[in-house]
Structure formats: structure tokens, C-alpha cells
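Trainee: Could you take me through one part of this structure slowly? I would like a close look at a single pocket and the pieces around it.

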Amino acid sequence: MKFVLKADRLIDGSATEVVKNAAVVVEDETITKVCSQSELNSVDLDSAHIIDHSGGTLMPGFIEMHSHIHCSAESDAYEHITTETNETFLLRGSQAVRSSLSSGVTTMRDLGSRNEVVFPLRQSIEEGIIPGPRLLVAGTPITTTGGHCNMFGTEADSSEQVVRAIRNQFKLGADHIKIMSTGGGFTPGTNVRAPQYDWNTLKDAVEDAERLGLKVAAHCHATEGVKNCVKAGIHNLIHCSWMSENPDELYDYDPDVADQIAEKGIYVDPTLALSHLNNLRGRVKRADSGAMADPERRFEILRDMWDRGVKFVTGMDSGMTNAHFDDFAYIPEVMVNSMGISPMEAITCATKTSAECLGKENEIGTITPGKSADILIVNGDPSEKIEALHNVDTIVSRGSLVKELGQLLI
Ligand SMILES: [Zn+2]
């Protein structure tokens with residue numbers, strides 16, 4: 001199918017200037033032309049379905065970097081994940097990917113699921129059985145015996161066991177590896193302030209994953225865990241909470257390590273919308289809220305990391321309590337309102353930078369001829385008012401129309 005999308009402005013994802021009176025031509029699954037409306041010619045318009053949204057802004061589809069698609073996002077998410085069957089996980093997952101896509105997420109990375117449920121879900125999207133974004137999956141996360149998310153199914157303690165676990169996820173079809181380098185609030189009995197693996201084990205994990213062409217994302221709350229990950233060359237830090245091992249203090253931020261994160265080009269997914277969503281929805285405090293007990297200081301640290309050149313990507317931790325699958329727009333909103341970066345910078349994190357972190361920058365992340373047609377039109381101008389990202393009016397995902405001028409088609 002051929003489309004011509006027209007809107008008052010275009011943000012192409014690369015943080016360049018907003019283009020006025022823009023048009024994008026899509027043929028089959030690919031963007032073929034990006035231009036001003038006056039440059040459209042009769043060949044472009046010939047037999048094209050035209051979507052004209054004056055007042056709107058064209059931009060790349062959102063990239064959600066951190067999801068657990070089989071989790072319920074309800075207050076008893078932990079009870080659900082520990083008691084439900086694979087069949088229920090599949091049903092929850094199919095609802096989750098539909099919800100994400102309907103909010104403008106056109107690429108989504110699942111960062112850890114129970115058993116092997118994400119693989120048939122990914123296949124079902126690819127085969128058109130259910131609607132959903134382009135889905136990349138980590139399979140089960142790798143954790144220590146009794147460690148964070150051990151109930152998901154893969155426990156590995158020694159280097160040898162970790163390497164074997166990576167190879168097993170690779171064999172199942174994982175696109176990424178997820179490893180739990182510290183404890184986590186979701187799992188009772190684990191310690192968010194202490195590492196689960198030493199840096200040597202993490203280094204062995206990185207080397208074997210790289211041999212297989214995979215990148216490693218590591219969950220890390222404790223500062224010691226962050227340091228181990230950075231030393232080991234982990235590709236993507238998740239949470240990066242800088243929690244002190246001393247229970248009497250909250251954070252133990254190390255700017256020198258932040259500089260190393262920037263120098264090594266390690267991407268950070270600070271899952272920074274979670275506390276906002278918990279406040280919004282009035283969740284009772286949980287053990288892991290320690291990482292956000294002083295949000296002002298947390299955002300100060302994140303801003304300092306940003307100023308040192310650390311690259312941020314946009315993960316929601318969707319599926320965790322209060323992180324609903326259609327909540328993506330809160331991430332750039334919090335980046336602007338609490339971290340103090342510009343709307344254009346936040347939009348670039350949510351599109352181009354996240355695509356680079358996935359190694360998919362040639363395919364997605366910007367509106368560029370030759371790339372996959374993952375395109376949104378939002379009402380208003382998000383470069384002026386970031387909250388406009390909540391109002392996604394039109395969605396094209398890999399060349400298929402998901403929502404047209406406010407009407408959902410899936
Ligand atoms: Zn998570």
C-alpha cells in the first residue's frame with residue numbers, strides 16, 4: 001500500500017530543526033520520500049492514500065526499551081507472575097502488545113519473561129496473528145539461584161553456568177541477553193544494595209554474548225553492581241540507581257564511573273517514569289521504592305550523567321505495578337519536566353538513540369528514506385509541549401495503518 005502523510009511539521013528523530021508543512025511518502029513497508037508538501041509531485045500522489053493532519057506533527061514511532069509483556073501492571077503483579085499459567089501469560093502478552101502499539105510504540109523490547117512465552121508471542125506478531133509492535137525479546141533473564149526474578153526460570157551462579165544460560169537463550173531465539181547484576185525490589189529476599197555477580201562473571205557473559213552477536217542489558221540498582229557492569233563492558237545499564245551498600249545512606253553516586261559510562265558508549269535506561277506513575281496512581285510504597293525515596297536527588301544524578309554525555313534510552317518497565325502498556329509518553333514527559341532536558345532531546349532518546357542501543361539504527365528510529373515506515377502523527381507540537389506525545393492521532397507500523405486520524409483500526 002502507498003500512503004502520503006501530511007502534517008504542519010515533522011520531527012525526524014535526529015534532533016535537527018522541525019520541518020514545516022512536511023510530507024512523508026510510504027510504499028509498502030518503507031519510507032520512500034521525506035519532503036515539504038510543496039515538493040510532492042504527481043508520481044508521489046498517484047494512487048496514494050492521503051492522510052492530511054493540519055495541526056499535527058509527524059515523527060518516528062516510539063521505541064519502548066523495557067517491557068515485561070506477560071506481567072499484569074496491577075498492584076498484585078508479583079502474585080500474578082508467581083501463580084499464573086503460561087496460557088494466561090500468553091493472553092496477557094497479546095493484550096499488552098496491542099495496547100503498546102495503540103499508544104504509538106512501534107518497537108518494543110521485552111527485557112525478561114517467565115518460561116518461554118515471549119517467543120510464540122513474537123512469532124504471532126510476525127505472522128500477523130495478533131497486532132503488535134516489532135518485538136525484540138531477551139527470553140528469561142539470567143539470575144543467581146534465588147536471585148532477582150529467579151521465578152522467571154533461569155538460575156546460573158558460576159561463569160560456566162551463566163555462559164551456558166546465555167547459549168540456551170540464544171538457541172531459543174533471544175535478540176538480547178538480560179542479566180540481573182544486583183537484587184531487585186520485585187523479588188522478596190534479594191538485596192537491591194548488593195551485587196549478585198562479580199565483574200569477572202559479567203565479563204565472561206559479555207564475551208560469550210558478543211561471540212553470538214548479542215548485546216547484554218544488566219539490571220543494576222547497587223553502585224557496586226553498576227561498577228561491575230561498567231568494568232565488564234555491559235552494553236546497556238538498566239535502572240542504574242547508584243544505591244549505596246550502606247543502609248544508612250540512599251545513594252552512592254560516582255561521577256568518575258559516570259564518565260566511564262559515557263566514554264565506553266554504554267546506554268542507560270533509567271526507567272525514570274516509574275515513580276511518576278506510582279505517584280499518579282497512588283501505589284502503596286514497596287521495598288524497591290528505596291531507589292526513588294529521594295526523587296529530587298535521583299533526577300539530579302541523572303541530569304549530571306546526561307551532562308557528562310551518557311546516552312539515555314526510554315524504558316518503561318511496563319508490566320510492573322502501575323506501568324501500563326500504553327504509558328510510553330510519560331517517559332519523555334518526565335525527562336523534560338524532572339530531568340530538565342529539552343523536548344527535542346527527549347524525543348531523540350525515545351527514537352534515534354534507542355534504535356542505536358538496539359543496533360537497529362539502519363532500520364528504525366528516524367524518518368529517513370529507506371527506513372521502516374514506523375510513523376506517528378501527534379496532535380500539536382511536542383517540541384514545544386512534550387505532553388502532546390500523549391495524543392497520538394495516526395500510527396503507521398511497518399507500513400500498516402494502525403490508527404488513522406483518531407480512529408483505531410486494530
Ligand atoms: Zn524490568
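**A look at the second largest pocket**

Mentor: Happy to! Keep in mind that this is a predicted model. The second largest pocket has a lining of 13 residues, and those nearest its centre are I125, G132, S397, R398 and S400. The space inside the second largest pocket comes to about 210 Å³. Sorted by class, its lining holds seven nonpolar, four polar and two charged residues.

Where does the second largest pocket lie? Domain 1 (2-60 + 367-408) and domain 2 (62-357) both contribute residues to the lining, so the pocket lies between them.

Now let us see which element does the most here. Strand 15 (residues 400-404) gives the most to the lining of the second largest pocket, namely three residues. It is worth following strand 15 to its partners on either side.

Start with strand 14 (residues 392-397), which runs antiparallel to strand 15 and is joined to it by three bridges. You can find one contact between them by looking at I395, whose bridge partner in strand 15 is K403. Strand 14 and strand 15 form a hairpin with two residues between the strands, and there R398 takes a positive phi near 50°. You have met R398 already: R398 is among the lining residues nearest the centre of the second largest pocket.

Next comes strand 16 (residues 407-408), also antiparallel to strand 15, with two bridges joining the pair. Here E404 has Q407 in strand 16 as its bridge partner. This hairpin, made by strand 15 and strand 16, has two residues between the strands as well, and L405 takes a positive phi near 45°.

Before you go, here is one more site to find in the model. The zinc ion is coordinated by H66 (NE2), H68 (NE2) and D317 (OD), at 2.1 to 2.2 Å. Along the sequence, these donor residues follow the spacing H-x1-H-x248-D. H66 sits in strand 5 (residues 62-67), while D317 sits in the loop between strand 12 (311-312) and helix 11 (330-339), so the pair ties together parts that are 251 residues apart in sequence. Are these two donors, H66 and D317, buried or exposed? Buried means under 20% relative accessible area. H66 has 0% relative accessibility, so H66 counts as buried. D317 has a relative accessible area of 7%, so D317 is buried too.

Terms used. Residues are numbered from 1 along each chain as its sequence is written. This is a predicted model: local features need pLDDT of at least 70, side-chain atom pairs count only at pLDDT 80 or more; totals for chains, interfaces and linings use all residues. Side-chain values use heavy atoms; hydrogens and water are left out. On a 1 Å grid over the protein atoms alone, a cavity is a set of points where a 1.4 Å probe fits but cannot get out, and a pocket is an open set with protein on both sides within 12 Å along at least five of seven lines; lining residues have an atom within 4 Å of a point. Grid points are joined across faces, edges and corners, and a volume is the space filled by probe spheres set on the points. Helices (H or I, at least four residues) and strands (E, at least two) are DSSP runs, numbered from the N terminus. Ala, Val, Leu, Ile, Met, Phe, Trp, Tyr, Cys and Pro count as nonpolar, Asp, Glu, Lys and Arg as charged, and the others, Gly among them, as polar. Domain bounds come from an automatic or database domain assignment. Two strands pair if DSSP finds at least two bridges between them. Donors are N, O and S atoms within 2.8 Å of the metal (3.2 Å for Na, K and Ca); water is not among the atoms, so sites may look incomplete. Buried means under 20% relative accessible area, exposed over 50%, partly exposed in between (1.4 Å probe, protein chains only).
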